[in-house]
Amino acid sequence: MSRPLLMIPGPIDVTDEVLAAMSRPVFSHVDPAFITIFGQVLKDTRTIFQVGDDYQPFVVAGSGTLAMDSAVANLVEPGDRVLVIETGYFGRRMADICQRYGGEVDMLVAAPGDTISAEQVAIQLQQADYDLVALTHVDTSTGVVTDAQGIAAAANDAGALIIVDGVCATAAEEMRQQDWGVDVYLTASQKAIGLPPGLALWVVSPSGLAKWRERTTPVGSYYSDWSLWLPIMESYEGLRPSYFATPPVNLVVALHTSLQQILQEGVEEVYTRHRLMSDAVKAGVSAMGMGQVPTAADHAAHTLTCPRFPAGVNAGLLGHVRANGAILAGGLHPMIKTEYFRIGHMGAVSANAILATLGAVETGLRQSGYAVEPGISLAAAQAVLAEH
Ligand code: PMP
């Protein structure tokens, strides 16, 4: 039997080309061929994040949490006032990291499935002199997408820096870091970027770099300190050998392949395709009679769908769906964990994979004792796909 589809919101199935790139013989980290590849990866990262040459990309061994840690460790000094927007599990993590580095944290917390608007943030920014605002572009625990553009504009108006956690959004949800005025946009390799887990990526604006240079206290983390990583990134881009900590060479080579695949398709086309796949899954979920965690369609993310279990069905459904060929994820938001499940649809996910997944869910629902007409979700999804 073929292996099940990995349809969780990260890590995701990767393309055959990325798998092949991973299995190339290991490079020395100072091999001129590897230096050239790393240099190109940094340039391609700028293109995908839509920033100019004065923005600095970092690509470092670690997970998304390292990217969050690094952004905060370098930009928050003890006593800085930070406003964290929490739209789920990962906002809470961001607040914890800010507190760990001495930030005085205030939070705007959305009810599960809700978002926080740019207007709410603008009002809060009048209450105190904030140094920094942080938000999660797509919170993977709720499937909520937040108005990063509007909130970044509010932060810029208030003279605060802004960090956006794009781990579940990069290369899938519309994002223009420079136009939107985002100081750090951060992500990880295992979602729409299309790699296995293992790389943290973040891009810093000129104002973010300036604030970091003006620090009066040392960065409280050794591995996250930009002063150790910046010369390395500059060297790779300048095609010079360098060393601080050994890069995961095979992952960097695979990243080169996946970024090239994204650029060949076109960043705008990639956004459109994610929208289409998401619309198809959401239509299928609705056709099966399930609600979703996001409280309105206009703040439902396009990288994952969070269906609510129908009455009488629980997480046992996921075992059936897995046996039917698709691996899905359970709930993550602590307040509603048992009430919903999550379907990821990022990266090179195909329409066929989506239809197979919906079919596996339909059958699983029937096996769980919930009556659903065979094929009803497939018809709804196919109608969406056919419109395009
Ligand atoms: N932020 C978001 C929005 C995420 O989805 C995740 C991972 N699911 C993280 C941060 C943390 O990333 P990692 O698990 O790679 O450390």
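**View 1. Phe 27, Phe 34, Phe 38 and Tyr 236 come together as one aromatic cluster.** This is a predicted model, and here we look in on some of its rings. Phe 27 and Phe 34 are both buried. By the pairing rule used here, the count of aromatic pairs comes to 13. Take Phe 27 with Phe 34: their ring centres are 6.1 Å apart and the planes meet at 40°, so this pair is tilted.

**View 2. Trp 229 and Phe 244 make an edge-to-face pair.** Their centres sit 4.8 Å from each other, with 80° between the planes. Trp 229 belongs to helix 9 (residues 226–237), while Phe 244 is in the loop between helix 9 and helix 10 (249–265), so the pair ties together parts 15 residues apart in sequence. Trp 229 has 4% relative accessibility and counts as buried; Phe 244, at 16%, counts as buried too.

**View 3. Helix 2 covers residues 32–49.** Its 18 residues, at 1.5 Å each, should span 26 Å, and the end C-alpha atoms are indeed 26 Å apart. At the start of the helix, a side-chain oxygen of Asp 31 comes within 2.8 Å of the backbone nitrogen of Ala 33. Plenty to spot along the way: the buried residues include Ile 35, Phe 38, Leu 42 and Arg 46. Just after the helix comes Gln 50, with a positive phi near 60°.

**View 4. Three strands build an open antiparallel sheet, ordered 11-14-13.** Strand 11 (304–305) and strand 13 (329–330) are the edges, each with a single partner, so one side of each has no neighbour in the sheet. Strand 13 joins strand 14 (residues 341–344) over two bridges, and Ala 329 stands opposite Arg 342.

How values were computed: Residues are numbered from 1 along each chain as its sequence is written. This is a predicted model: local features need pLDDT of at least 70, side-chain atom pairs count only at pLDDT 80 or more; totals for chains, interfaces and linings use all residues. Side-chain values use heavy atoms; hydrogens and water are left out. Two strands pair if DSSP finds at least two bridges between them. Helices (H or I, at least four residues) and strands (E, at least two) are DSSP runs, numbered from the N terminus. The expected span of a helix is 1.5 Å times one less than its number of residues. Buried means under 20% relative accessible area, exposed over 50%, partly exposed in between (1.4 Å probe, protein chains only). A polar contact is a pair of N or O atoms within 3.5 Å; within protein, one must be able to donate a hydrogen and the other to accept it, and residues adjacent in sequence count only if both atoms are side-chain atoms. Rings of Phe, Tyr and Trp (its six-membered ring) pair if their centres lie within 6.5 Å; planes under 30 degrees apart count as stacked, over 60 as edge-to-face and the rest as tilted.
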